[in-house]
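Open your viewer and get ready to click along. We'll hop from one selection to the next and see what sits at each stop.

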Amino acid sequence: MQILRCPAQLQLLEETLWKSLPTSLPVLGTVMMVARGNPASHEEHRDPRDYYINQLAVFYRDKGALQALLGGTEAVTRARAFQIMGMQDGLDEAVQEVASARGLKVETIQHRALISPEPPQPRRQMPPGLRLEPVSPSHVPLLNATWALGGNVRSRAFLLGLVRTLPSACLLGPRGRPVCWSLLDGQGCLRHGYTVPAWRGHGLTGVVLAAIGRELHARGFPVYCAVRPHNTASLRALQAIGFLPQPGTFYMILGTPK
């Protein structure tokens with residue numbers, strides 16, 4: 001396995017990954033993050049139970065390369081948790097096989113990937129009384145409490161790292177409390193989006209994603225997100241502002257020591 005550090009090599013890899021969309025999405029986003037300074041590299045702590053930090057994005061030409069990665073490196077070890085993301089058929093089975101053999105508990109979460117070829121266009125204007133701002137570190141407890149994979153100290157630290165280093169946007173209500181938000185993660189994916197129940201149905205998601213999407217598009221990043229397949233309301237809202245569903249499954253595979 002070759003480790004790429006040269007800017008010219010990373011640029012060549014980017015060009016190759018662009019030609020392999022959509023299955024290369026998680027790796028393309030990760031490579032572009034690294035090539036532009038790796039702002040999502042958080043090294044404050046190394047908890048072996050923390051799959052929020054131990055993340056890998058995978059794209060491969062043949063299964064032999066995948067097996068070499070999983071079996072011949074420290075990507076999957078008995079000693080620590082991990083999170084692997086990818087969009088290729090058979091990835092979940094391959095990871096499950098290696099992780100189970102090494103005594104790890106595995107959970108696979110499936111998402112639908114969507115790409116916005118142009119900056120997202122909100123259907124409605126921002127309602128009076130709301131204010132568009134970046135997400136603040138003071139908002140992290142609310143984000144952590146509403147995130148399906150959150151609610152603990154490790155997830156709070158992870159979200160805080162994203163808020164401090166990567167683009168984000170939120171709409172603040174009349175009392176200054178976020179009512180809708182979205183964050184960019186280390187794979188360049190628009191995730192952690194949420195609208196509080198009282199403000200749903202007002203087109204707020206489009207306003208928030210348009211703000212981040214304009215910045216990503218101007219910097220040459222793919223504008224994409226991953227949504228659970230059963231979340232039909234979010235899928236409809238995203239398609240209404242210009243996101244196009246992609247074929248295949250966006251896998252998020254979580255491994256934790258038993």
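One term before we start: a residue is buried if its relative accessible area is under 20%, exposed if over 50%, and partly exposed in between (1.4 Å probe, protein chains only). The model on your screen is predicted, so local features need pLDDT of at least 70 and side-chain atom pairs count only at pLDDT 80 or more, while totals for chains, interfaces and linings use all residues. Residues are numbered from 1 along each chain as its sequence is written, and side-chain values use heavy atoms, with hydrogens and water left out.

**Stop 1: Asp 185.** Select Asp 185, in the loop between strand E6 (178-184) and strand E7 (189-195); strands (E, at least two residues) and helices (H or I, at least four) are DSSP runs numbered from the N terminus. Is Asp 185 buried or exposed? Asp 185 is buried, with a relative accessible area of 1%. Now add Arg 191: a polar contact of 3.0 Å joins the two side chains. (That means a pair of N or O atoms within 3.5 Å; within protein, one must be able to donate a hydrogen and the other to accept it, and residues adjacent in sequence count only if both atoms are side-chain atoms.)

**Stop 2: the cavity.** Keep Asp 185 and Arg 191 selected, and add Tyr 52, Gln 55, Gln 83, Trp 147, Phe 158, Gln 187 and His 192: together they line the largest cavity. On a 1 Å grid over the protein atoms alone, a cavity is a set of points where a 1.4 Å probe fits but cannot get out, a pocket is an open set with protein on both sides within 12 Å along at least five of seven lines, and lining residues have an atom within 4 Å of a point. About 40 Å³ of space lies in this cavity, counting the space filled by probe spheres set on the points, which are joined across faces, edges and corners.

**Stop 3: the second largest pocket.** Select Gly 193, Tyr 194, Val 227, Asn 231 and Ser 234, the closest to the centre of the second largest pocket among its 42 lining residues. The volume here is about 1,100 Å³.

**Stop 4: two cysteines.** Finish with Cys 170 and Cys 180. Why is there no bond from Cys 170 to Cys 180? Their sulfurs are 8.8 Å apart, too far for a bond; a disulfide is a pair of cysteine sulfur atoms within 2.5 Å. Cys 170 is buried at 0% relative accessibility, and Cys 180 is buried at 2%.
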